[in-house]
Amino acid sequence: MNDSTRPLEEGIVRDFAEDTGNLSYGRYLRLDRILDAQQPRSRPEHHDEMLFIIQHQTSELWLKLVLHELRTAAEDMAADDLGLALKRLARVKHIQRTLIEQWSVLATLTPTEYVQFRGALGTSSGFQSYQYRAVEFVLGNKDAAMLEMFTDDAHAHGMLSEALHAPSLYDQFLRLLARRGFAVPADLLERDVTLAHTFHPGLVPVLAEAYADTEHHWDVYEACEQLVDIEENFQLWRFRHLKTVERTIGTRSGTGGSSGRDFLRRALELTFFPELYAVRTAL
């Protein structure tokens, strides 16, 4: 027998005919749909468009999981289960690292290669990713005007509308702190959750209390640091996006009408949890 072969063990299932009731790997994962979803539009079809499509489709799958974990973490906080929320946030950080590293794959696409199929994108743009917008909403960076972009897509519009009207992850964290006896300003607890969170100086001394006594507030302190990690990873993702765009299209406008590089650069100024950075100066 050739030593490089590995015979199948007798117990391995081989028959996946429908009448057997056996579920195959491909059917469980719906691979027929997933692997048929890459449909390049360039004519003649350009080799590198497949890379571009798969890069963005896999990013959307990871964003779906990020949303799943962040929403559930917010529910855990609402139920006062901070420990379980921390477990989910730790998973989000690992997903973010994968998303950040994915830019290195797309960065292998040279300007000469990209320009040969860029026209096939038409007016489509990553700016229109409703899952990305939903992640920002769940983290607290809300903007009702974004919904206008998705009036033609009932699913996307519904997802964003739900995220817009729900308390953000940060809202739920602050409510949990209040239930634990921290003096969270009342206007933060009663605020209009459809608006983006903005810096509140009255929250800084509240957070400083947790940072100053980690022995008694360790899980709260850990949650604060997990949120900072998530924001930092988000900024690293934005930065890698910016640099990939710069090396691929330079200062050209985005396909969806944005200013491209300059638009992405301005996004680096956005913050989700400003008090968690301000507390470091206050300690």
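Let me start with L29, which at 31% relative accessibility counts as partly exposed, bearing in mind throughout that what we are looking at is a predicted model. L29 sits in the loop that joins α1, residues 25–28, to α2, residues 31–34, and together with L23, Y25 and Y28 it makes up a nonpolar surface patch of about 500 Å².

From that patch I would like to turn to the interior. In soluble globular proteins, nonpolar side chains tend to be buried together. Here the largest nonpolar core has 68 residues, and L70, L139, L169, Y170, F173, L177 and L276 are those with the most contacts inside it. At least two residues of this core come from each of α3, α4, α6, α7, α8, α10, α11 and α13, and the largest share, eleven residues, is supplied by α11.

Take Y170 as an example from that list: leaving aside residues up to four places away in sequence, Y170 touches H197, L203, L207, L227, F272, F273, E275 and L276. One of those partners, L207, is itself buried in α10, as are V204, V206, A208, A210 and Y211, and the cover over the buried residues of α10 includes α8, α11 and α13.

Finally, a polar residue: is Q55, in helix α3, buried or exposed? Q55 counts as buried, because its relative accessibility is 5%, which falls under the 20% cut-off. If we again set aside residues up to four places away in sequence, the contacts of Q55 are with Q102, W103, V105 and L106.

Notes: Residues are numbered from 1 along each chain as its sequence is written. This is a predicted model: local features need pLDDT of at least 70, side-chain atom pairs count only at pLDDT 80 or more; totals for chains, interfaces and linings use all residues. Side-chain values use heavy atoms; hydrogens and water are left out. A nonpolar core is a set of buried Ala, Val, Leu, Ile, Met, Phe, Trp, Tyr and Cys residues joined through side-chain atoms within 4.5 Å. Buried means under 20% relative accessible area, exposed over 50%, partly exposed in between (1.4 Å probe, protein chains only). Helices (H or I, at least four residues) and strands (E, at least two) are DSSP runs, numbered from the N terminus. Contact means heavy atoms within 4.5 Å. Patches are made of residues with over 30% relative accessible area and no salt bridge: like charges are joined within 9 Å, nonpolar side chains (Val, Leu, Ile, Met, Phe, Trp, Tyr) within 5 Å. Accessible areas come from the Shrake-Rupley method with a 1.4 Å probe; for residues, only the protein chains shown count as cover. A salt bridge is a side-chain nitrogen of Lys or Arg within 4 Å of a carboxyl oxygen of Asp or Glu.
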